[in-house]
Amino acid sequence: MPSWIGAVILPLSGLLLSLPAGADVKARSCGEVRQAYGAKGFSLADIPYQEIAGEHLRICPQEYTCCTTEMEDKLSQQSKLEFENLVEETSHFVRTTFVSRHKKFDEFFRELLENAEKSLNDMFVRTYGMLYMQNSEVFQDLFTELKRYYTGGNVNLEEMLNDFWARLLERMFQLINPQYHFSEDYLECVSKYTDQLKPFGDVPRKLKIQVTRAFIAARTFVQGLTVGREVANRVSKVSPTPGCIRALMKMLYCPYCRGLPTVRPCNNYCLNVMKGCLANQADLDTEWNLFIDAMLLVAERLEGPFNIESVMDPIDVKISEAIMNMQENSMQVSAKVFQGCGQPKPAPALRSARSAPENFNTRFRPYNPEERPTTAAGTSLDRLRIVWRTMQHSVTDIKEKLKLSKKVWSALPYTICKDESVTAGTSNEEECWNGHSKARYLPEIMNDGLTNQINNPEVDVDITRPDTFIRQQIMALRVMTNKLKNAYNGNDVNFQDTSDESSGSGSGSGCMDDVCPTEFEFVTTEAPAVDPDRREVDSSASQLGHSLLSGSLVCVVLALPRLCR
């Protein structure tokens, strides 16, 4: 071989060896990258026209590149922003489910209460006029306390209902004994005999069961929707760690730096990045699923045994029986009260002129369920039925949406990575970005949760430091789940509303002996007793006709029971 040939080959060999591995002899154009980079809204002044040496890169492969240091920094921040938006958009369904359903359920139940009170008030004003208006505070107080209980107020539900019946007994006792004058202290003594004498028969006990179990379920259910809404809103606002941001940049924008802006990440590569970045969120799943299961059980209660409609008609008869029972046993009740509380003082001669039996028999008669009003009050009752049936449809709708929200947090990586705008998809495993080049991604997919990320090949995850914020949400779900389990069994526990106002509640079960299943074990908390608000009985109480009392209790039939199922 001639010597000049060797002299030419040796320098050419040295030149070829001096080029970076994998580089073309002529630097490639960055035109495609410039176009994609500009479409993101960035200034083209940052980007070179041709590839440059990549020793300055801190995240992407340090090969010939279209990225400057400034570009890598900007794209790193862009990847963080896009990740946060992806999580928020992906969790949009579960967040809107709780926000919209909470609003709808709460509106329906409040409307139910308002219509029930209006129905009672309309009937009483129309039928009894001024006589009712002078004594309406007994029923107004009842509805006020029911509303306050539902909204999380410090109300002992069972004691409040006991107080309602005790106050009715005080007033009715005066009516069946108009020949006597009763002091406040004496009436206080009378009320203490409510449970012992059972002047209204078994109606107060049954009504208490219906009211307590319905209100416990409704209040706990709407609080569950509140907690679900707040947890979903908080968890969907992620703050990626530095290790996560590096992995996101490498996955989403290092293809830009390699001159491959149209190549999307491999699906399995995306899954490992997302599982590493969302490891703590996945740990929320277990407690979230238990919470959803408990919500579904309480929803079934609201549809079934705690359903207001199912007790509406029988209540009419029960209240009528209660009034008749008081009439038939008035002499015995009075005798036992006089024996226990002492002989009352006679009333002035004018008031005692009318004997108790005459007054009682001429103005008091049993309620006939067929005599329901068909005018304004009837319209109110129709509205109650419409509102409740609409609310039932709402509960059914909520149940379906809740079922779809199970496992939502562990499913986030899969939901994000199947988005065609994020990855190349599962059908394009050879022509996708694997973190280094356009080729198949080989590492195995990690399992869900923090502890399983110890060997995550894409994200540096410190498995010894669980996210404190996520742990707080897990605890909030755990507490709410326990309340829901109690509500499912008809039991109430100490309650905390969304404004951090503490409140107490009763310790009763709200269930008959064999009505509520006991598949859940729980610890019921005794609530602080509520001091009954006993108002002074004004002079009009002694003039209140028996027909008012009969109508009052009948109105409980017509209005209150619609709240209580």
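What covers the buried residues of helix H11? In this predicted model, the cover includes helix H3 (69–90), helix H12 (254–257) and H13. Helix H11 itself spans residues 242–252 and is mostly covered, with eight of its 11 residues buried. Those eight are Gly-243, Cys-244, Ile-245, Ala-247, Leu-248, Met-249, Met-251 and Leu-252.

**The second largest pocket**

Helix H13 (267–277) also appears among the elements that give two or more residues to the lining of the second largest pocket, together with helix H10 (203–235), helix H14 (279–283) and helix H22 (468–488). The pocket holds about 490 Å³ of space. It is lined by 24 residues, and the closest to its centre are Ser-239, Thr-241, Cys-277, Asn-280 and Asp-467. H14 gives the largest share of this lining, three residues. Sorted by class, the lining has 13 nonpolar, five polar and six charged residues.

**Aromatic rings**

A search of the whole structure finds 18 aromatic pairs. The table gives two of them.

| Pair | Geometry | Centre to centre | Angle between planes |
|---|---|---|---|
| Tyr-37 and Phe-42 | stacked | 4.8 Å | 25° |
| Trp-288 and Phe-291 | tilted | 5.6 Å | 55° |

Why is the pair of Tyr-37 and Phe-42 called stacked? The angle between the planes is 25°, and planes under 30 degrees apart count as stacked. Tyr-37 has a relative accessibility of 0% and therefore counts as buried. Phe-42 has a relative accessible area of 18%; because the cut-off for buried is under 20%, Phe-42 is buried too.

Trp-288 and Phe-291 both belong to helix H15 (residues 285–303), where they are three residues apart, about one turn of the helix. Both residues of this tilted pair are buried.

Elsewhere, ring pairs link Phe-105, Phe-109, Tyr-150, Phe-215 and Phe-221 into a cluster.

Which rings have the charged end of an arginine over them? One is the ring of Tyr-49, with the charged end of Arg-34 at 3.9 Å from its centre. Another is the ring of Tyr-149, over which the charged end of Arg-219 sits, 3.7 Å from the ring centre.

**Single residues in a helix and in loops**

Thr-97 has its place in helix H4 (residues 92–128). Is Thr-97 buried or exposed? Its relative accessibility is 3%, so Thr-97 counts as buried. Leaving aside residues up to four places away in sequence, Thr-97 touches His-102 and Lys-401.

Two lysines in loops have a positive phi. For Lys-198, phi is near 50°, a positive value in a residue other than glycine. Lys-198 lies in the loop between helix H9 (194–197) and H10, and H10 is one of the helices that contribute to the lining of the second largest pocket. For Lys-407, phi is near 60°, again a positive value in a residue other than glycine. The loop that holds Lys-407 runs between helix H20 (376–404) and helix H21 (412–417). Lys-407 has a relative accessibility of 53% and so counts as exposed, the cut-off being over 50%.

Conventions: Residues are numbered from 1 along each chain as its sequence is written. This is a predicted model: local features need pLDDT of at least 70, side-chain atom pairs count only at pLDDT 80 or more; totals for chains, interfaces and linings use all residues. Side-chain values use heavy atoms; hydrogens and water are left out. Rings of Phe, Tyr and Trp (its six-membered ring) pair if their centres lie within 6.5 Å; planes under 30 degrees apart count as stacked, over 60 as edge-to-face and the rest as tilted. Buried means under 20% relative accessible area, exposed over 50%, partly exposed in between (1.4 Å probe, protein chains only). Helices (H or I, at least four residues) and strands (E, at least two) are DSSP runs, numbered from the N terminus. A charge sits over a ring if NZ of Lys or CZ of Arg is within 6 Å of the ring centre and within 35 degrees of the ring normal. On a 1 Å grid over the protein atoms alone, a cavity is a set of points where a 1.4 Å probe fits but cannot get out, and a pocket is an open set with protein on both sides within 12 Å along at least five of seven lines; lining residues have an atom within 4 Å of a point. Grid points are joined across faces, edges and corners, and a volume is the space filled by probe spheres set on the points. Ala, Val, Leu, Ile, Met, Phe, Trp, Tyr, Cys and Pro count as nonpolar, Asp, Glu, Lys and Arg as charged, and the others, Gly among them, as polar. Contact means heavy atoms within 4.5 Å.
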